[in-house]
Structures are given as structure tokens and as C-alpha cells.
Amino acid sequence: MGGRAVGAKDSRGRRATLQTVADEVGVSRTTVSNAYGRPDQLNKDLRERIFDAARRLGYSGPDATARSLRRGRAGAIGLLFTETLSYAFADPYSVGFLRGVAEVAEASGTGLLLIPMPPRAYGPAGDKDAPVPPGNDDPETAVRNAVVDGFCLYCVPVGHPAKALIRARGLPMVTTDERDDPSIPYVGIDERASARLAAEHIVRLGHRRVAVMVDQVVAPGTSGPATVEEQLASDCGDLQGRLGGYRDALEEVGVDWRSVRVVAAGRNSRSAAASAAAHFLDVADRPTAVLAIGDVLALGVLDACEQRGLVVGRDISVAGFDDVPEAERARLTTVRQPMGEKGRIAGRLLLEPPEEQKVPRIKLPTELVVRATTGPAPH
């Protein structure tokens, strides 16, 4: 597992290699190699000593592509996302985005490597010292060893440490988070303005007592009401943008945002949202409208309303976001965003980067789709 990072040199101008790092730490080349490729073979303290020495010497790790491919091209792109692998195939929005990336990769004869990095593997703001759960591979090793020509960052928080590792490897990135470093090509939507479309629709219908359903705010798996302070502390760009859009529209008509119940389901699932909806449906001053930051959550709220005998569109209004296939079947009012096109553009930016010097920053259009789940506020 030898190799050296292209262009890395030590403080005396020599090209840094596994051997120079091994000499610096006083261990064998195999031990240094295991720190990157077989972390379970070393204790944490030794790994940290090796990585500290590597950083001082300017060595970013073995070149995974050079190790495995004669011509230095992997013929694959990596899709990095902070959820479980099973989630990528179960969540309808993720499926739409993945399909878009896959279509472009397939057309160019390029492979697609999915790299799940669940948020629980890191603490707040990407704390890499947070414990990694049993059975979850070391996320840093996954990024270091991925044999790819570039990475698509799908819903990866701004401060996530994976980005520094990708930069150290000298590989290109594309992000779906507008808040990312402006040097990284970006494709997405105006989250705030798009969410405002749904809230303005609710406001025009006369609703002033409103609740909001989100997937998570404080930490994965934590459900229940979220304070304004907790909302603002979230590192999720989609959440921040959509809550901001709802808040803009409601405050414009005099609604105090602190009076709006923002409830976290704990995860982006229909059943979790149906359970969490009790926080605003089973109270005396039940809201007349619910805004959900995703259609899966909105569908869960519809289930909860049905369980309570509430007629959606008459007794209570519900609006989602994304316009996944099930939204049309449920006649859900929602904000439509181009899931597949976003994935296709992300793939093209990696595989067919534009020649001009300006870094691409692409925002795609969205639209409000009004269906049967929203109606006038009840008197």
C-alpha cells in the first residue's frame, strides 16, 4: 500500500512519502499505511501521531487512484452524503437526485461510488472526536481511500471535515449547499425564496396559527419542539433556508415567529412525522395550517390528521416541499424542485467542467403546486 501524495513535500523540500512519515514517527511504512487503510489495526493515539506528522510534512496520504490505476484516472465519481446507505434508496428526493447523477455518469461510461457518512459519526460542527457507532466505518478512511476522480457533496454540512480531506487529495468537488466555500462549484435552489412560496400561500388563505414540521434540529433521532435558538444553531443549509422563508412570510403579516411551533420528527420518515405531529395536533390551540420542510414529513402529518378524523383542506391545511411522486397521489400542496435535473447538473459539473475561470453557481427554478390539502383558514 505504498504511494505518495502528488506534490507533497517536507520542510526540507523533499517529496513526502510513507517512508518519510514513518521515519518521523519512528514506525514502519506498514504501520503508516495501516493508519490510512486499516485503522482498526492501530490504537487512536498512534494514528493521531502519524496524522500529525503527516500534516507537518505536507503528506495527505497515499494516492488511492495511483495505487489502483495505471493511468491515474479512476473512471468513477464519489457521491458523499451524511445519511445511511439505505436512506439513499428509500427517500424519494434522494432517489430522484441520485438518478440524475447516475444518468450523467452512465452516459459518459463513468462509475458512481456512494459514500455514506451518517451525521451521528460526528458531533456538532463536524466534531471528529465524537464516537463512531459500532459497524460504521471510519468516515475519514472512506474519503481518503475512495478511488474516484471527484466528489459530489449531497447535503453535507459546511463544516464537515470530509471537505478538507478532499482538498488535501487535490480532487474536484461539487456541492448542493449554497453556503459552501465559493470556490466549490454549486448547484441548488433558492431554499429561502422557495419555502416562502408555500408560506405566502398559507397566509393568503387566512392562516395565522401555523406549525412547522422538520426532520431534525438538535441531533439525529431527537424529536419534539425546537426553540428558536436551536433552529438557528443547526448546520443544515436546507433547514435554515426553508425555516427562514417561512419566517419571512409569517412575520410580514404580523405573526411572531416564537409563537410558531417548530417540531422535529427526529428523522425524515413518514411514521416519525405522524408520531411527532401529536405535539401540535393534540393541543387546545391546534394550528390551522402545517408547513413541512419535505413531502415525506408532510405525508406523515396527513396520516396523523386522518387518525384524528381531521379533514385536510377544511379543518387543517398541510403543505410540503419537493413534489415527490407520492405528493401528487396524495393531492398534496407542495413546492416543486427539479430533483433529477439538480443531480444531472451536479454530475456534469464534475465530468464536464466548464472552461471559463468563473466558478459555476447554478440556481434552478422552483414553483408552488397547489392541490387539495390546503384551503381557507377555518372560522
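1. Asp-322 counts as buried in this predicted model, because its relative accessibility of 8% falls under the 20% cut-off. The residue sits in the loop that runs between β10 (317–319) and α15 (325–329). Its phi is near 120°, a positive value in a residue other than glycine. Most residues other than glycine have a negative phi, and the backbone at this position therefore merits a remark in the note.

2. Asp-323 belongs to the loop between β10 and α15. Here too phi is positive, at about 65°, although the residue is not a glycine. Asp-323 has 12% relative accessibility and is therefore classed as buried.

3. Arg-242 is placed in helix α11, which covers residues 237–252. With a relative accessible area of 6%, Arg-242 is buried. Once neighbours within four places in sequence are set aside, its contacts are Glu-191, Ala-195, Ile-293, Phe-321, Asp-322 and Gln-337. This list links helix α11 to the loop described in the opening point, since Asp-322 is one of the residues that Arg-242 contacts and lies between β10 and α15.

4. Val-217 occupies the loop between β6 (210–214) and β7 (224–225). Its relative accessibility is 9%, so Val-217 is counted as buried. Residues up to four places away in sequence excluded, Val-217 touches Ala-226, Glu-230, Gln-231, Ser-234, Leu-239 and Ala-264. For one of these partners, Ser-234, a C-alpha to C-alpha distance can be given: the two residues are 17 apart in sequence and 5.9 Å apart in space. Another partner of Val-217, Leu-239, has a number that falls within the range of helix α11, residues 237–252.

5. Thr-82 is found in the loop between β1 (76–81) and α5 (85–90). The residue is buried, as its relative accessible area is 11%. A polar atom of the Thr-82 side chain lies 2.9 Å from the backbone oxygen of Cys-155. The pair thus falls within the 3.5 Å limit for a polar contact.

6. Cys-155 appears again in the description of internal space, as one of the residues that line the largest cavity. The structure holds 1 cavity of 30 Å³ or more, and the volume of the largest cavity is about 40 Å³. Its lining is formed by Tyr-93, Tyr-154, Cys-155, Thr-176, Asp-238 and Lys-342. By class, the lining comprises 3 nonpolar, 1 polar and 2 charged residues. The charged ones are Asp-238 and Lys-342, while Thr-176 is the polar one. Asp-238 carries a number within the range given for helix α11, residues 237–252.

7. Some totals for the chain complete the note. The secondary structure of the protein chain amounts to 16 helices and 13 strands. The chain has 379 residues, of which 52% count as buried. Where contacting residues are at least 6 apart in sequence, 71% of the contacts join residues at least 24 apart. The exposed area of the protein chain is about 17,400 Å², with 49% of it supplied by carbon and sulfur atoms.

Notes: Residues are numbered from 1 along each chain as its sequence is written. This is a predicted model: local features need pLDDT of at least 70, side-chain atom pairs count only at pLDDT 80 or more; totals for chains, interfaces and linings use all residues. Side-chain values use heavy atoms; hydrogens and water are left out. Helices (H or I, at least four residues) and strands (E, at least two) are DSSP runs, numbered from the N terminus. Buried means under 20% relative accessible area, exposed over 50%, partly exposed in between (1.4 Å probe, protein chains only). A polar contact is a pair of N or O atoms within 3.5 Å; within protein, one must be able to donate a hydrogen and the other to accept it, and residues adjacent in sequence count only if both atoms are side-chain atoms. On a 1 Å grid over the protein atoms alone, a cavity is a set of points where a 1.4 Å probe fits but cannot get out, and a pocket is an open set with protein on both sides within 12 Å along at least five of seven lines; lining residues have an atom within 4 Å of a point. Grid points are joined across faces, edges and corners, and a volume is the space filled by probe spheres set on the points. Contact means heavy atoms within 4.5 Å. Accessible areas come from the Shrake-Rupley method with a 1.4 Å probe; for residues, only the protein chains shown count as cover.
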